[in-house]
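Here are some short exercises, each with a worked solution, for getting to know a structure. Keep the 3D view open and try each task before reading on.

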Amino acid sequence: MATALTALKRFLRTNQATAKLYHLLYAQKYRYENRQMRRSVHAKGLSILDQAADIIHSCNYHYACAYGTLLGFVRESGFIAHDNDIDIVLLGKNGDWQAIHWPVLHEALCLQGFTFLRGFTYGNDIVEVSYAHSGVQIDFFVPYTLNGVEGGLFLINDATKHYPDDSCRTAIHVPAPLPASLTKITIEGYQLSIPSNAEEILESIYGPGWKVPDDKWDGSHRSNRTELLDFAHHFNDEAQLYDSDRKQGQDAR
């Protein structure tokens with residue numbers, strides 16, 4: 001059924017007779033969903049993040065707020081006005097960010113009411129997984145080192161590219177230091193984890209002017225970003241969390 005629906009969507013958006021209407025309706029749907037997500041994050045995001053933090057710690061893992069969430073917490077002591085999700089980076093036992101056993105964390109999150117939304121792989125590595133609870137989406141990122149340069153992957157659906165299939169995404173490496181250690185920041189009474197070197201990380205990602213809000217900021221053209229040759233892949237089947245975990249274990253052996 002899912003395969004048939006995907007094929008139908010591809011036909012509607014690529015067929016000359018239906019493409020314009022498809023993209024118009026999709027844009028309206030996106031704007032509506034974006035408004036709903038933004039409201040949920042601002043109303044319930046801190047509570048949901050606090051719940052996720054407890055679950056992460058119960059699995060003996062650590063987290064730090066990342067990207068737009070970190071920017072808002074450090075610069076504005078809360079979520080940025082247009083934030084519609086929460087970004088965190090995962091750290092494994094003893095700070096080893098490669099030691100994430102996804103099935104354990106996945107099952108713990110689901111037991112506490114979180115719903116798996118989607119994931120992304122690059123090669124055999126899971127680099128991003130999204131969950132939702134009470135309308136709040138949390139994106140779990142895993143750092144990615146490229147040629148010895150620490151950072152993370154931004155995954156985009158580039159309309160200018162002809163992908164081999166609908167699972168493909170363009171992977172862009174964004175250089176940024178890993179968390180040197182973790183510290184706490186208090187936001188509306190919630191004690192949340194951020195990197196101790198948060199300002200260094202934010203400057204690396206957003207540039208030296210990160211402390212000043214800029215509605216026109218666009219990081220896609222920053223010279224320190226590298227588009228990778230291979231595509232990342234999107235998946236909707238949570239079973240792939242288990243498959244990828246086995247592949248990573250085979251790589252380790």
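**Exercise 1. Find what share of the contacts between residues at least 6 apart in sequence join residues at least 24 apart.**

Solution. This is a predicted model, and every value below is computed from it. Start with the contacts between residues at least 6 apart in sequence; of these, 62% join residues at least 24 apart. Next, take one pair to look at in space: A7 and D166 are separated by 159 residues in sequence, yet their C-alpha atoms are 9.3 Å apart. A7 belongs to helix α1 (residues 2-14). With a relative accessible area of 47%, A7 is partly exposed. To round off the overview, count the elements: the chain contains 6 helices and 11 strands. Of its 253 residues, 44% are buried.

**Exercise 2. Describe how helix α3 (residues 67-76) packs against helix α5 (residues 198-206).**

Solution. Step one is the geometry: the two helices pack at an angle of about 125 degrees, and their axes are 11 Å apart. Step two is to name the arrangement. Angles from 65 to 115 degrees count as roughly perpendicular and those over 145 as roughly antiparallel, with 35 as the limit for roughly parallel and the rest oblique. Because of its angle, α3 is oblique to α5. The crossing of α3 past α5 is left-handed.

Step three is to list the residues that meet. From α3 come Y67, G68, L70, L71 and V74, and from α5 come A198, I201, L202, I205 and Y206. Sorted by type, the residues of this contact are 9 nonpolar, 1 polar and no charged.

Step four is to check how covered α3 is. Here 7 of its 10 residues are buried, so α3 is largely enclosed by the rest of the structure. Those buried residues are Y67, G68, T69, L70, L71, G72 and F73. Just beyond the helix, S77 has a positive phi of about 55 degrees.

**Exercise 3. Trace the strand pairings on both sides of strand β4 (residues 125-133).**

Solution. Begin with strand β3 (residues 115-122), which pairs with β4 in the antiparallel sense over 7 bridges. One pair to locate is T115 with its bridge partner A132 in β4. The two strands make a hairpin with 2 residues between them, and in that turn G123 has a positive phi of about 65 degrees.

Now move to strand β5 (residues 136-141): it runs antiparallel to β4, and 6 bridges join the two. H133 has V136 in β5 as its bridge partner. This hairpin also has 2 residues between its strands, and S134 takes a positive phi near 55 degrees. Finally, look at the cover over β4: 8 of its 9 residues are buried.

**Exercise 4. Work out whether H106 is buried or exposed, and which residues it contacts.**

Solution. First place the residue: H106 lies in helix α4, which spans residues 102-111. Then apply the cut-off, under which a residue with less than 20% relative accessible area is buried. H106 has a relative accessible area of 2%, so it is buried. Leaving aside neighbours within four places in sequence, its contacts are F116, Y131, E238, L241 and Y242. Other buried residues of α4 include W102, P103, L105, A108 and L109. Just after α4, G113 shows a positive phi of about 95 degrees.

**Exercise 5. Find the partners of strand β7 (residues 168-175) and see how enclosed it is.**

Solution. Take the partners in turn.

- Strand β6 (residues 151-156) runs antiparallel to β7, with 6 bridges joining them; F154 stands opposite I172 in β7.
- Strand β11 (residues 232-235) is joined to β7 by 2 bridges, also antiparallel; R169 has A232 in β11 as its bridge partner.
- Strand β10 (residues 226-227) is joined to β7 by 2 bridges in the antiparallel sense; I172 has E227 in β10 as its bridge partner.

Then turn to the side chains. C168, T170, I172 and V174 point one way from β7, while R169, A171, H173 and P175 point the other way, and all are buried. With 8 of its 8 residues buried, β7 is therefore largely enclosed by the rest of the structure.

Notes:
Residues are numbered from 1 along each chain as its sequence is written. This is a predicted model: local features need pLDDT of at least 70, side-chain atom pairs count only at pLDDT 80 or more; totals for chains, interfaces and linings use all residues. Side-chain values use heavy atoms; hydrogens and water are left out. Axes are lines fitted to C-alpha atoms, for helices over the stretch in contact, and angles run from 0 to 180 degrees between N-to-C directions. Helices (H or I, at least four residues) and strands (E, at least two) are DSSP runs, numbered from the N terminus. A crossing is left-handed if the near helix is turned anticlockwise from the far one by less than a right angle, and right-handed if clockwise. Contact means heavy atoms within 4.5 Å. Ala, Val, Leu, Ile, Met, Phe, Trp, Tyr, Cys and Pro count as nonpolar, Asp, Glu, Lys and Arg as charged, and the others, Gly among them, as polar. Buried means under 20% relative accessible area, exposed over 50%, partly exposed in between (1.4 Å probe, protein chains only). Two strands pair if DSSP finds at least two bridges between them.
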